[in-house]
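Visitor: Please put the structure up, and I will ask about the strands and then the ligand.
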Amino acid sequence: MEHSIENYIKNLVRDTIGQALGGLQLQKDRQTYVVGNWKMNNNFSGTAEFFQEINSSNNVSVVVCPPTHLLYPAQLLIKQQKKSIALGGQNVHWADRGAYTGETSTSMLQEMGCEYVIIGHSERRQYAGENDEMINMKVKQAIKSGLTPIVCIGETLEEKNLLQTEQVLKTQLFGALKEIDSSQFIIAYEPVWAIGTGQSASPELAQQSHAYIRSVITQIMGQDADTISILYGGSVNEKNAADFYAMEDIDGVLVGGASLKAKPFDEIIAAFAKGEQNL
Ligand code: PGA
């Protein structure tokens, strides 16, 4: 906790000086997101309970990504409860339609109220054989359809131990963003070793990777990289969320386990909303 306050004060001082000098940009001027990825969890009654209990925030964009069959009821519940929460799919196909058994298209997601879609989650890279080429086709299809892709990248433990993190991130970014001339996407940095393990990356280590990711996006698309939100994911919870907020290049979080129940997810939203209010 102590270092979160210290970082927060550091950011405030830097921003205040930046403002006083006139020319320097305020930090955190990118859109801030708290995204929940329910994976293959939850059911109708759990979904109703979640949207009844959850509070939305005006300062932070909140996105919930339930399993496909819960998207439509989620859309109705959000409307009924008048919450400002957006919906996202957890995956999408790259074709408009056709003989692709078991797949979901961008227009299907949009019909169920989605504005976002997670693409290239490491779990899909691992068990569904998704590679950078497929991920690139999905990102293109999402952007073409008007969905905002949340593109997941991250190194495995083995790659981390072999000091290959930067190389892996660079390859995944160049692969996913090939021939993309739009800035309508979000990046989620999710070190595979931190997902579902209860062992999040330290905010400092995550910041280091985020700064590197931004430098690679700058190589790919120039100065527009400054406008791209980069989220951290991997064992984010209500206790460590504020520490991630304090980091310069961390523009939000992608939350798995702690997004399944309204209370912890609400506390994560509140941590980010509070940070935004104080800037
Ligand atoms: P976790 O999952 O928060 O449960 O670690 C994050 C994710 O896979 O997006």
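Visitor: Which residue in strand 7 is the bridge partner of Ile 187?

Guide: This is a predicted model, in which local features need pLDDT of at least 70, side-chain atom pairs count only at pLDDT 80 or more, and totals for chains, interfaces and linings use all residues. Residues are numbered from 1 along each chain as its sequence is written, and side-chain values use heavy atoms, without hydrogens and water. Strand 6 (residues 186-189) runs parallel to strand 7, with 3 bridges joining them; strands are DSSP runs of E, at least two residues, numbered from the N terminus, and two pair if DSSP finds at least two bridges between them. The strand 7 partner of Ile 187 is Ile 230.

Visitor: In strand 8, what is the bridge partner of Gly 233?

Guide: Strand 8 (residues 252-255) is parallel to strand 7, and 2 bridges join them. Gly 233 of strand 7 (residues 230-233) is buried, as is Leu 231 on that side; buried means under 20% relative accessible area, with a 1.4 Å probe and protein chains only. In strand 8, Gly 233 has as its bridge partner Leu 254.

Visitor: How far is the polar backbone atom of Ser 235 from an oxygen atom of the ligand?

Guide: Ser 235 is among the residues that come nearest, out of 13 around the ligand, where near means a heavy atom within 4 Å. A polar contact here is a pair of N or O atoms within 3.5 Å. For Ser 235, the distance from a polar backbone atom to a ligand oxygen is 2.8 Å.

Terms used
A polar contact is a pair of N or O atoms within 3.5 Å; within protein, one must be able to donate a hydrogen and the other to accept it, and residues adjacent in sequence count only if both atoms are side-chain atoms. Buried means under 20% relative accessible area, exposed over 50%, partly exposed in between (1.4 Å probe, protein chains only). Helices (H or I, at least four residues) and strands (E, at least two) are DSSP runs, numbered from the N terminus.
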